[in-house]
Amino acid sequence: MVDKDENNELVRRYKQYLRLERSLSANTRDAYLADLDKLLSYLLLEGIGVKNVTLDVLHGFAAGLHDVGIHPRSQARVISGIKSFFRFLLLDGSIESDPTELLESPKIGFKIPEVLTLEEIDRIISTVDLSKSEGQRNRAILETLYSCGLRVSELVNLKLSELYFDEGFIKVEGKGSKQRLVPISPRAIKEIRLYFYDRNAVPAKKGQEDYLFLSRRGTKMSRIMVFHIVKEQVQAAGIVKNVSPHTFRHSFATHLLEGGANLKAIQCMLGHEDIATTEIYTHVDRSMLRSEIIAHHPRNIHYGERQERTE
(Lines give C-alpha, C1' and ligand atoms only; values in the text may rest on other atoms or scores of the structure.)
Protein backbone atom coordinates (compact mmCIF):
# COMPACT_ATOMS: atom_id res chain seq x y z
CA MET A 1 0.00 0.00 0.00
CA VAL A 2 1.38 3.40 -1.03
CA ASP A 3 1.39 6.10 1.65
CA LYS A 4 0.78 9.19 -0.49
CA ASP A 5 1.25 11.57 2.43
CA GLU A 6 4.66 10.06 3.22
CA ASN A 7 5.73 10.27 -0.43
CA ASN A 8 4.59 13.88 -0.63
CA GLU A 9 6.56 14.77 2.50
CA LEU A 10 9.73 13.14 1.08
CA VAL A 11 9.32 15.06 -2.18
CA ARG A 12 8.72 18.30 -0.27
CA ARG A 13 11.99 17.87 1.64
CA TYR A 14 13.79 16.99 -1.56
CA LYS A 15 12.53 20.20 -3.21
CA GLN A 16 13.84 22.16 -0.26
CA TYR A 17 17.19 20.35 -0.52
CA LEU A 18 17.53 21.20 -4.21
CA ARG A 19 16.75 24.84 -3.57
CA LEU A 20 18.71 25.47 -0.36
CA GLU A 21 21.53 22.91 -0.33
CA ARG A 22 22.20 22.43 -4.03
CA SER A 23 21.32 26.03 -4.97
CA LEU A 24 19.93 24.87 -8.32
CA SER A 25 18.09 27.20 -10.67
CA ALA A 26 14.32 26.99 -10.93
CA ASN A 27 14.53 25.40 -14.39
CA THR A 28 16.99 22.74 -13.22
CA ARG A 29 14.87 21.98 -10.16
CA ASP A 30 11.79 21.62 -12.34
CA ALA A 31 13.64 19.21 -14.63
CA TYR A 32 14.73 17.07 -11.66
CA LEU A 33 11.19 17.00 -10.27
CA ALA A 34 9.62 16.21 -13.65
CA ASP A 35 11.90 13.18 -13.98
CA LEU A 36 11.12 12.11 -10.43
CA ASP A 37 7.40 12.43 -11.16
CA LYS A 38 7.76 9.74 -13.86
CA LEU A 39 9.05 7.31 -11.24
CA LEU A 40 6.40 8.29 -8.67
CA SER A 41 3.65 7.67 -11.22
CA TYR A 42 5.12 4.26 -11.98
CA LEU A 43 5.36 3.39 -8.27
CA LEU A 44 1.75 4.47 -7.72
CA LEU A 45 0.53 2.12 -10.45
CA GLU A 46 2.63 -0.71 -9.03
CA GLY A 47 1.50 -0.03 -5.47
CA ILE A 48 5.06 0.48 -4.19
CA GLY A 49 6.10 3.09 -1.64
CA VAL A 50 9.25 5.16 -2.14
CA LYS A 51 10.96 3.56 0.87
CA ASN A 52 10.27 0.08 -0.52
CA VAL A 53 11.94 0.67 -3.88
CA THR A 54 14.52 -1.98 -4.82
CA LEU A 55 16.99 -2.31 -7.67
CA ASP A 56 14.62 -4.76 -9.39
CA VAL A 57 11.82 -2.18 -9.23
CA LEU A 58 14.11 0.41 -10.80
CA HIS A 59 15.13 -2.02 -13.53
CA GLY A 60 11.44 -2.47 -14.34
CA PHE A 61 10.96 1.28 -14.49
CA ALA A 62 14.04 1.74 -16.70
CA ALA A 63 12.83 -1.01 -19.03
CA GLY A 64 9.54 0.85 -19.33
CA LEU A 65 11.35 4.02 -20.43
CA HIS A 66 13.01 2.00 -23.17
CA ASP A 67 9.81 0.27 -24.23
CA VAL A 68 7.92 3.51 -24.78
CA GLY A 69 10.68 4.76 -27.07
CA ILE A 70 12.32 7.43 -24.91
CA HIS A 71 15.73 8.34 -26.35
CA PRO A 72 18.71 6.85 -24.46
CA ARG A 73 20.01 10.33 -23.68
CA SER A 74 16.68 11.25 -22.10
CA GLN A 75 16.62 7.92 -20.26
CA ALA A 76 20.06 8.72 -18.84
CA ARG A 77 18.84 12.13 -17.67
CA VAL A 78 15.79 10.61 -15.94
CA ILE A 79 17.92 8.01 -14.19
CA SER A 80 20.37 10.69 -13.11
CA GLY A 81 17.53 12.64 -11.52
CA ILE A 82 16.25 9.53 -9.73
CA LYS A 83 19.73 8.80 -8.39
CA SER A 84 19.88 12.33 -7.02
CA PHE A 85 16.57 11.79 -5.20
CA PHE A 86 17.63 8.53 -3.54
CA ARG A 87 21.04 9.93 -2.60
CA PHE A 88 19.14 12.69 -0.80
CA LEU A 89 16.93 10.15 1.00
CA LEU A 90 20.06 8.34 2.16
CA LEU A 91 21.64 11.57 3.43
CA ASP A 92 18.35 12.52 5.02
CA GLY A 93 18.21 9.23 6.90
CA SER A 94 14.91 8.25 5.29
CA ILE A 95 16.40 5.05 3.83
CA GLU A 96 19.27 2.85 5.00
CA SER A 97 20.66 1.90 1.58
CA ASP A 98 20.56 3.45 -1.88
CA PRO A 99 18.72 1.19 -4.39
CA THR A 100 20.16 3.20 -7.30
CA GLU A 101 23.78 2.42 -6.40
CA LEU A 102 24.06 -0.33 -9.04
CA LEU A 103 21.55 1.18 -11.48
CA GLU A 104 23.27 1.78 -14.81
CA SER A 105 22.36 4.42 -17.36
CA PRO A 106 21.86 3.42 -21.01
CA LYS A 107 24.88 3.66 -23.26
CA ILE A 108 24.60 6.87 -25.29
CA GLY A 109 27.93 6.85 -27.04
CA PHE A 110 31.31 7.57 -25.54
CA LYS A 111 34.81 8.60 -26.41
CA ILE A 112 37.10 5.63 -26.96
CA PRO A 113 39.49 5.59 -23.99
CA GLU A 114 43.24 5.74 -24.46
CA VAL A 115 45.16 2.47 -24.79
CA LEU A 116 48.81 2.09 -23.91
CA THR A 117 51.07 -0.12 -25.96
CA LEU A 118 53.16 -2.73 -24.18
CA GLU A 119 56.24 -0.64 -24.94
CA GLU A 120 54.63 2.42 -23.33
CA ILE A 121 53.67 0.44 -20.24
CA ASP A 122 57.24 -0.82 -19.92
CA ARG A 123 58.51 2.75 -20.30
CA ILE A 124 56.21 4.00 -17.56
CA ILE A 125 57.21 1.25 -15.14
CA SER A 126 60.91 1.65 -15.94
CA THR A 127 60.80 5.33 -14.89
CA VAL A 128 60.15 4.38 -11.26
CA ASP A 129 63.14 5.37 -9.12
CA LEU A 130 63.97 2.22 -7.16
CA SER A 131 66.44 4.14 -4.98
CA LYS A 132 63.49 5.77 -3.22
CA SER A 133 61.87 4.00 -0.28
CA GLU A 134 58.54 3.81 -2.08
CA GLY A 135 60.06 2.93 -5.46
CA GLN A 136 59.52 -0.84 -5.43
CA ARG A 137 56.02 -0.35 -4.01
CA ASN A 138 55.11 1.97 -6.90
CA ARG A 139 56.60 -0.45 -9.41
CA ALA A 140 54.53 -3.29 -7.94
CA ILE A 141 51.40 -1.10 -8.03
CA LEU A 142 51.80 -0.27 -11.72
CA GLU A 143 52.59 -3.86 -12.66
CA THR A 144 49.59 -5.19 -10.72
CA LEU A 145 47.25 -2.62 -12.28
CA TYR A 146 48.24 -3.77 -15.75
CA SER A 147 48.84 -7.50 -15.24
CA CYS A 148 45.55 -8.04 -13.37
CA GLY A 149 43.37 -5.35 -14.98
CA LEU A 150 42.18 -4.01 -11.63
CA ARG A 151 40.09 -0.98 -10.81
CA VAL A 152 42.03 1.42 -8.59
CA SER A 153 39.58 0.78 -5.74
CA GLU A 154 40.25 -2.96 -6.05
CA LEU A 155 43.99 -2.38 -6.01
CA VAL A 156 44.07 -0.30 -2.81
CA ASN A 157 41.88 -2.86 -1.04
CA LEU A 158 44.04 -5.88 -1.91
CA LYS A 159 44.92 -7.86 1.21
CA LEU A 160 47.87 -10.09 2.02
CA SER A 161 45.47 -12.82 3.09
CA GLU A 162 43.91 -12.80 -0.38
CA LEU A 163 47.10 -13.46 -2.36
CA TYR A 164 47.33 -17.03 -3.60
CA PHE A 165 50.66 -16.90 -5.41
CA ASP A 166 51.21 -20.67 -5.44
CA GLU A 167 47.93 -21.07 -7.30
CA GLY A 168 48.52 -17.97 -9.44
CA PHE A 169 45.42 -16.05 -8.28
CA ILE A 170 44.44 -13.07 -6.16
CA LYS A 171 41.02 -12.53 -4.62
CA VAL A 172 39.51 -9.19 -5.56
CA GLU A 173 36.46 -7.39 -4.16
CA GLY A 174 34.78 -5.43 -6.93
CA LYS A 175 31.64 -3.32 -7.25
CA GLY A 176 28.77 -4.25 -4.97
CA SER A 177 31.21 -6.14 -2.69
CA LYS A 178 31.27 -8.98 -5.22
CA GLN A 179 34.38 -11.11 -4.99
CA ARG A 180 36.19 -12.83 -7.84
CA LEU A 181 39.45 -14.66 -8.39
CA VAL A 182 41.80 -13.00 -10.86
CA PRO A 183 44.85 -14.71 -12.39
CA ILE A 184 48.09 -12.88 -11.61
CA SER A 185 51.14 -12.98 -13.87
CA PRO A 186 54.59 -14.22 -12.75
CA ARG A 187 55.92 -10.70 -13.45
CA ALA A 188 53.45 -9.12 -11.00
CA ILE A 189 54.15 -11.81 -8.40
CA LYS A 190 57.88 -11.08 -8.69
CA GLU A 191 57.39 -7.31 -8.25
CA ILE A 192 55.11 -7.78 -5.23
CA ARG A 193 57.54 -10.19 -3.58
CA LEU A 194 60.37 -7.71 -4.07
CA TYR A 195 58.14 -5.05 -2.46
CA PHE A 196 57.69 -7.23 0.65
CA TYR A 197 61.21 -6.28 1.79
CA ASP A 198 60.25 -2.59 1.93
CA ARG A 199 56.73 -3.22 3.19
CA ASN A 200 57.98 -5.19 6.19
CA ALA A 201 60.07 -2.18 7.17
CA VAL A 202 56.94 0.01 7.48
CA PRO A 203 55.04 -0.41 10.78
CA ALA A 204 51.39 -0.87 9.81
CA LYS A 205 48.79 1.08 11.77
CA LYS A 206 46.31 -0.90 13.84
CA GLY A 207 43.64 -2.37 11.58
CA GLN A 208 45.76 -1.82 8.46
CA GLU A 209 48.08 -4.82 8.84
CA ASP A 210 46.45 -6.96 6.15
CA TYR A 211 46.45 -4.40 3.33
CA LEU A 212 49.04 -5.14 0.67
CA PHE A 213 50.00 -1.61 -0.39
CA LEU A 214 50.78 0.77 2.47
CA SER A 215 51.59 4.46 2.57
CA ARG A 216 54.72 5.72 4.35
CA ARG A 217 52.47 6.28 7.38
CA GLY A 218 51.55 2.60 7.53
CA THR A 219 48.00 3.12 6.31
CA LYS A 220 46.15 1.74 3.30
CA MET A 221 46.96 3.55 0.06
CA SER A 222 44.32 6.02 -1.11
CA ARG A 223 42.91 6.23 -4.63
CA ILE A 224 44.34 9.73 -4.96
CA MET A 225 47.83 8.47 -4.15
CA VAL A 226 47.61 5.88 -6.94
CA PHE A 227 46.39 8.53 -9.41
CA HIS A 228 49.37 10.69 -8.43
CA ILE A 229 51.84 7.83 -8.90
CA VAL A 230 50.46 7.08 -12.37
CA LYS A 231 50.52 10.75 -13.45
CA GLU A 232 54.05 11.23 -12.16
CA GLN A 233 55.46 8.16 -13.94
CA VAL A 234 53.58 8.87 -17.19
CA GLN A 235 55.07 12.35 -17.24
CA ALA A 236 58.54 10.98 -16.48
CA ALA A 237 58.15 8.53 -19.38
CA GLY A 238 57.36 11.41 -21.75
CA ILE A 239 53.99 9.97 -22.77
CA VAL A 240 51.46 12.61 -23.83
CA LYS A 241 48.34 10.44 -23.72
CA ASN A 242 45.66 11.10 -21.11
CA VAL A 243 46.54 8.26 -18.74
CA SER A 244 44.87 7.29 -15.47
CA PRO A 245 44.90 4.05 -13.44
CA HIS A 246 41.89 2.92 -15.49
CA THR A 247 44.00 3.19 -18.65
CA PHE A 248 46.06 0.25 -17.42
CA ARG A 249 42.87 -1.77 -16.93
CA HIS A 250 41.61 -0.90 -20.40
CA SER A 251 44.99 -1.72 -21.93
CA PHE A 252 44.96 -5.09 -20.13
CA ALA A 253 41.60 -5.99 -21.68
CA THR A 254 42.54 -4.65 -25.12
CA HIS A 255 45.81 -6.57 -25.26
CA LEU A 256 44.07 -9.78 -24.22
CA LEU A 257 41.37 -9.33 -26.84
CA GLU A 258 43.89 -8.50 -29.55
CA GLY A 259 45.85 -11.59 -28.54
CA GLY A 260 42.82 -13.81 -29.16
CA ALA A 261 41.55 -14.35 -25.61
CA ASN A 262 37.97 -15.48 -25.04
CA LEU A 263 35.72 -12.45 -24.52
CA LYS A 264 33.72 -14.08 -21.71
CA ALA A 265 36.95 -14.88 -19.88
CA ILE A 266 38.02 -11.24 -20.18
CA GLN A 267 34.67 -10.04 -18.83
CA CYS A 268 34.92 -12.41 -15.89
CA MET A 269 38.44 -11.30 -15.08
CA LEU A 270 37.40 -7.65 -15.22
CA GLY A 271 34.35 -8.28 -13.04
CA HIS A 272 31.89 -6.57 -15.36
CA GLU A 273 28.49 -6.20 -13.73
CA ASP A 274 26.51 -8.05 -16.38
CA ILE A 275 28.34 -11.35 -15.94
CA ALA A 276 30.39 -11.19 -12.79
CA THR A 277 27.66 -12.39 -10.43
CA THR A 278 28.47 -15.35 -8.22
CA GLU A 279 25.98 -17.57 -10.04
CA ILE A 280 27.58 -17.02 -13.43
CA TYR A 281 31.14 -17.01 -12.19
CA THR A 282 30.78 -20.47 -10.65
CA HIS A 283 30.05 -21.84 -14.13
CA VAL A 284 33.30 -20.48 -15.58
CA ASP A 285 36.19 -22.90 -15.18
CA ARG A 286 38.94 -21.15 -13.23
CA SER A 287 41.59 -23.16 -15.02
CA MET A 288 40.18 -21.76 -18.26
CA LEU A 289 40.52 -18.22 -16.93
CA ARG A 290 44.12 -18.77 -15.98
CA SER A 291 44.94 -20.48 -19.28
CA GLU A 292 43.48 -17.49 -21.16
CA ILE A 293 45.76 -15.13 -19.24
CA ILE A 294 48.82 -17.34 -19.64
CA ALA A 295 48.23 -17.91 -23.34
CA HIS A 296 47.22 -14.40 -24.44
CA HIS A 297 48.48 -11.73 -22.05
CA PRO A 298 51.71 -10.03 -23.22
CA ARG A 299 53.18 -10.11 -19.73
CA ASN A 300 53.08 -13.89 -19.59
CA ILE A 301 54.16 -14.41 -23.19
CA HIS A 302 57.18 -12.11 -22.94
CA TYR A 303 58.03 -13.24 -19.42
CA GLY A 304 58.03 -16.86 -20.56
CA GLU A 305 60.24 -16.07 -23.54
CA ARG A 306 62.75 -14.25 -21.34
CA GLN A 307 62.79 -17.12 -18.88
CA GLU A 308 63.55 -19.58 -21.69
CA ARG A 309 66.42 -17.41 -22.96
CA THR A 310 67.99 -17.15 -19.53
CA GLU A 311 67.77 -20.86 -18.71
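## The hairpin of β2 and β3

In this predicted model, strands β2 and β3 form a hairpin, with 5 residues lying between them. Look in the turn for Gly-176, whose phi is positive, at about 65°. The two strands, β2 and β3 (residues 179–183), run in the antiparallel sense and are paired over 5 bridges. To find your place along this pairing, start at Lys-171, which stands opposite Leu-181 in β3.

## The hairpin of β1 and β2

Strand β2 (residues 169–173) also pairs with β1 (residues 163–164), again in the antiparallel sense, here over 2 bridges. Tyr-164 is a handy landmark, since you will see Phe-169 of β2 opposite Tyr-164.

How many residues lie between the strands in the hairpin of β1 and β2? There are 4, and Gly-168 in this hairpin takes a positive phi near 80°.

## Where two helices meet

Now turn to the helices. Helix α1 covers residues 4–21 and helix α4 covers residues 72–92; the two pack with their axes 10 Å apart, at an angle of about 100°. Angles of 65 to 115 degrees count as roughly perpendicular, and therefore α1 and α4 are roughly perpendicular to each other.

Which residues of α1 meet α4? They are Leu-10, Arg-13, Tyr-14, Tyr-17 and Leu-18. On the α4 side, the contact is made by Gly-81, Ser-84, Phe-85, Phe-88, Leu-89, Leu-91 and Asp-92. Sorted by character, the residues of this contact between α1 and α4 comprise 8 nonpolar, 2 polar and 2 charged.

Key
Residues are numbered from 1 along each chain as its sequence is written. This is a predicted model: local features need pLDDT of at least 70, side-chain atom pairs count only at pLDDT 80 or more; totals for chains, interfaces and linings use all residues. Side-chain values use heavy atoms; hydrogens and water are left out. Axes are lines fitted to C-alpha atoms, for helices over the stretch in contact, and angles run from 0 to 180 degrees between N-to-C directions. Angles under 35 degrees count as roughly parallel, over 145 as roughly antiparallel, 65 to 115 as roughly perpendicular and the rest as oblique. Contact means heavy atoms within 4.5 Å. Ala, Val, Leu, Ile, Met, Phe, Trp, Tyr, Cys and Pro count as nonpolar, Asp, Glu, Lys and Arg as charged, and the others, Gly among them, as polar. Two strands pair if DSSP finds at least two bridges between them.
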